Amino acid sequence: MENDPRLSLRLHFDSLTFGRGKADLLQAIAEEGSISAAGRRLGMSYRRAWALVEEMNRHFRAPLVESARGGAGGGGAGLTDLGRAVLGEYRALESLVRGAPQLAALRDMLARK
């Protein structure tokens, strides 16, 4: 819809900031089955993707992402149950904000062009 804002919800906890970038990385890992492939898809370096995964894994009560080293059997990564839950809750918050009447009211207050 015209004048719909691009939503960027960022949550600041004491020890962690969690926003669209980390949520998108979790989603890409779930879909790609690989941290490196997820990073490529999002235009970030392998090192950056791994650093974000390590940060998230360190600051939640249990890891959000599990990975297996590559080699003859392949490798890969996926979300843990907690990782899927965190991603789901974040996406639900995004949906709440998108559907909030306050957002529509703010949009209606914009100058018409």
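Select helices α1 and α3 in this predicted model: their axes come within 11 Å and cross at roughly 105°. At that angle, α1 is roughly perpendicular to α3. To view the contact itself, display Lys 22, Leu 25, Leu 26 and Ile 29 on the α1 side. Opposite these, α3 contributes Ala 49, Leu 52, Val 53, Glu 55 and Met 56. Colouring by class gives seven nonpolar and two charged residues, with no polar ones, in the contact of α1 with α3.

Keep α1 on screen and turn to its second partner. Helix α1 spans residues 20–32, and helix α4 spans residues 81–98. The axes of α1 and α4 come within 10 Å and cross at roughly 130°, which makes α1 oblique to α4. This crossing is left-handed. On α1, select Arg 20, Ala 23, Asp 24, Leu 26 and Gln 27; on α4, select Gly 83, Val 86, Leu 87, Tyr 90, Arg 91 and Glu 94, which they meet. The residues of this contact comprise five nonpolar, two polar and four charged. Leu 26 deserves a label, as it takes part in the contact with α3 and also in the contact with α4.

Next, add a surface and proceed to the pockets. Which residues line the largest pocket? Select Ser 8, Arg 10, Thr 17, Phe 18, Gly 19, Arg 20, Gly 21, Lys 22, Met 44, Arg 48, Leu 52 and Glu 55. The volume of this pocket is about 210 Å³. At least two lining residues come from each of β2 (17–18), α1 and α3 (46–59). By class, the lining holds three nonpolar, four polar and five charged residues. Three of the names are already familiar: Lys 22, Leu 52 and Glu 55 belong to the lining and to the contact of α1 with α3. Arg 20, from the contact of α1 with α4, is likewise among the lining residues.

The final stop is the second largest pocket, with about 150 Å³ of space. Centre the view on Tyr 46, Trp 50, Ser 67, Ala 68 and Gly 76, the closest to the pocket centre of its eleven lining residues. Then show α2 (35–41), α3, β3 (65–68) and β4 (76–79), each of which gives two or more residues to this lining. Colouring by class shows five nonpolar, five polar and one charged residues around the second largest pocket. Helix α3 thus appears in the lists for the largest pocket and for the second largest pocket.

Technical notes. Residues are numbered from 1 along each chain as its sequence is written. This is a predicted model: local features need pLDDT of at least 70, side-chain atom pairs count only at pLDDT 80 or more; totals for chains, interfaces and linings use all residues. Side-chain values use heavy atoms; hydrogens and water are left out. Axes are lines fitted to C-alpha atoms, for helices over the stretch in contact, and angles run from 0 to 180 degrees between N-to-C directions. Helices (H or I, at least four residues) and strands (E, at least two) are DSSP runs, numbered from the N terminus. Angles under 35 degrees count as roughly parallel, over 145 as roughly antiparallel, 65 to 115 as roughly perpendicular and the rest as oblique. A crossing is left-handed if the near helix is turned anticlockwise from the far one by less than a right angle, and right-handed if clockwise. Contact means heavy atoms within 4.5 Å. Ala, Val, Leu, Ile, Met, Phe, Trp, Tyr, Cys and Pro count as nonpolar, Asp, Glu, Lys and Arg as charged, and the others, Gly among them, as polar. On a 1 Å grid over the protein atoms alone, a cavity is a set of points where a 1.4 Å probe fits but cannot get out, and a pocket is an open set with protein on both sides within 12 Å along at least five of seven lines; lining residues have an atom within 4 Å of a point. Grid points are joined across faces, edges and corners, and a volume is the space filled by probe spheres set on the points.
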